[in-house]
Amino acid sequence: NHEQDVSKERIAAELDHGRRRSNGLTLDVLDEEELLAQHSPLMSPLVWDLAHIGNYEEQWLLRAAAGREALRPDIDHLYDAFENPRAERIGLPLMRPREARDYNDRVRREVLDALDTVDLTVPAQRGPDEPPSLLAAGRVYHLVIQHEHQHDETMLATHQLRRGAPVLLEELADVTALRPPADPEVLVPAGPFTMGADDDPWAYDNERSAHTVDLPAYLIDTAPVTNAAYRAFMDDGGYRTRRWWSREGWEWKEGRGAFAPAFWEREGQGWSRRRFGRREVVPPDEPVQHVNFHEAQAYAKWAGKRLPTEAEWEKAARFDPATGRSRRYPWGDDEPTARHANLGQHRLGPSPAGHHPDGASPLGVQQLIGDVWEWTSTTFDGYPGFRAFPYRDYSEVFFGSGYKVLRGGSWATHPTAVRSTFRNWDLPIRRQIFSGFRCARHPEPA
Ligand code: AVJ
Ligand code: FE
């Protein structure tokens, strides 16, 4: 029952977790110069993300949800993601780190003050022609909490692109039991399942509404594709063989001169990689990450398989054949713990394939949530009856324009910011994100 989860104490605690994390990626670890610098044209200066987080919170939790007067309407345009492409943010008159910290603190104090008086028990919908309520079930708070964590993951991608001595600490690998799946693939039987969410107070507009999707039977990998498996593709000339690649994929690869996942470097006969300022041998058993959609698609074709569609991914990640019900997570409806999934930046990378057996789906598919975002073959679009909430620019403006859907979250994703219905999207050429994949295929005729 999701209703029970909606408490103001929980909201305040989650807001605090997000802020500690944001500060831990910025003010606590980098000097002013590094915070103001642009580490890659793909990314914002970290101080932009930081003040954007505060400004977003001001706009949605202070002004829109609590009806309070604007604190800094003059800066809205600086921190508007659409007005300012990432590569241009360095040229804006941005707040300095200290100013951003003071601003964020001030917004947060007022938000917590207003939280005491807002009513989260209002109906979700007043009338058929009224917009859905921002406050009902704490929905707008959940969106803002997730927004901060999404930017924290983005800031981690900036850290990965940054040069210089390591600044991020890795908690000792608290990897759970290694119990690899019995088979490399499982058969998902044909039939309908419920895709998307109606009553989840954390769901974004693009996860709604719940609808029935009937799928033919398919096979899906029980673990994400590993570095070792990906190397077999590379060693077999995968990056030199035209027929494994789509036209756009080949064009990207040739234009870029790509020959391996991002951050990999040749070392003797093997490969090393850069990870948050350290150089290390590529671990064979970890899910491959920093591959883009084209690379994932080429590997799948080489392997005689294909990428799963988004619906196939979601069915594998929540359908329980015993009850016919769709769960919130592969393991059930309980919120993730370290036992279930590698989420929340405890490690600075994925867990080796075969870990987190307690996070397996009823059909025995592992590591669907956490570790690496998984590319699907589906172009990001709205579900039937889509209705933008709370604003068109969150999802709707990206529909139908060639963004590919990624599912399941990564090691860098906070547990509140992912579930089996959560949809992420990016351009097919992007690989600075913590992206990997698993394959699917048509079952052999019996
Ligand atoms: C859902 C990760 C694609 O970072 O572009 C952040 C999330 N939206 N601020 C992004 C988002 C507005 C979004 N992704
Ligand atoms: Fe944002």
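Strand 5 and strand 6 (residues 270-275) run antiparallel and are joined by four bridges; strands here are DSSP runs of E with at least two residues, helices are runs of H or I with at least four, and both are numbered from the N terminus. Two strands count as paired if DSSP finds at least two bridges between them. This is a predicted model, in which local features need pLDDT of at least 70 and side-chain atom pairs count only at pLDDT 80 or more, while totals for chains, interfaces and linings use all residues. Residues are numbered from 1 along each chain as its sequence is written, and chains are lettered from A and ligands numbered from 1 in the order in which they are written.

Within this pair, Glu267 stands opposite Gly270 of strand 6. The hairpin of strand 5 and strand 6 has two residues between the strands, and Gly268 takes a positive phi there, near 60 degrees. The two strands belong to an open sheet of three strands with the order 5-6-7 and antiparallel pairing. Its edges are strand 5 (264-267) and strand 7 (278-281), each of which pairs on one side only. From one strand to the next, the twist averages 35 degrees. The loop between strand 6 and strand 7 holds Phe276, a residue other than glycine whose phi is nevertheless positive, near 50 degrees.

A second open sheet has four strands in the order 12-11-10-13, with mixed pairing. Strand 12 (424-426) and strand 13 (435-436) each have a single partner strand, so one side of each is left without a neighbour in the sheet. Strand 11 (residues 404-407) runs antiparallel to strand 12, and three bridges join them. One helpful landmark in this pairing is Val405, whose bridge partner in strand 12 is Trp425.

Trp425 also appears around ligand 1, together with Ala81, His147, Gln150, His151, Thr154, Tyr394 and Asn424; a residue is counted as near the ligand if its C-beta atom, placed from the backbone, lies within 6 Å of it. Helix 5 (139-161) and strand 12 each supply at least two residues of this shell. Helix 5 gives the most, with four residues. By class, the shell has three nonpolar, five polar and no charged residues, where Ala, Val, Leu, Ile, Met, Phe, Trp, Tyr, Cys and Pro count as nonpolar, Asp, Glu, Lys and Arg as charged, and the others, Gly among them, as polar.

Turning to helix packing, the axes of helix 7 (residues 247-256) and helix 8 (residues 293-302) come within 9 Å and cross at roughly 120 degrees. Axes are lines fitted to C-alpha atoms, for helices over the stretch in contact, and angles run from 0 to 180 degrees between N-to-C directions. The contact brings Glu248, Gly249, Trp252 and Lys253 of helix 7 to His294, Gln297 and Ala298 of helix 8, with contact meaning that the C-beta atoms, placed from the backbone, lie within 7 Å. Sorted by class, the residues of this contact are two nonpolar, three polar and two charged.

Two cis peptide bonds deserve a look. One joins Arg208 and Ser209, with omega about -5 degrees, and Ser209 sits in the loop between strand 2 (191-195) and strand 3 (211-215). Another joins Phe389 and Pro390, again with omega about -5 degrees; Pro390 is placed in the loop between strand 10 (373-379) and strand 11.

For the domain annotations, an unreviewed UniProt entry lists "domain: DinB-like" over residues 15-155. That span is 51% helix and 0% strand, and its end C-alpha atoms lie 17 Å apart. For residues 183-441, UniProt (unreviewed entry) gives "domain: Sulfatase-modifying factor enzyme-like". Here the content is 15% helix and 21% strand, with the end C-alpha atoms 15 Å apart. UniProt positions follow the numbering used here, feature names are shortened, and annotations may be inferred rather than shown by experiment.

Notes: Two residues are in contact if their C-beta atoms, placed from the backbone, lie within 7 Å.
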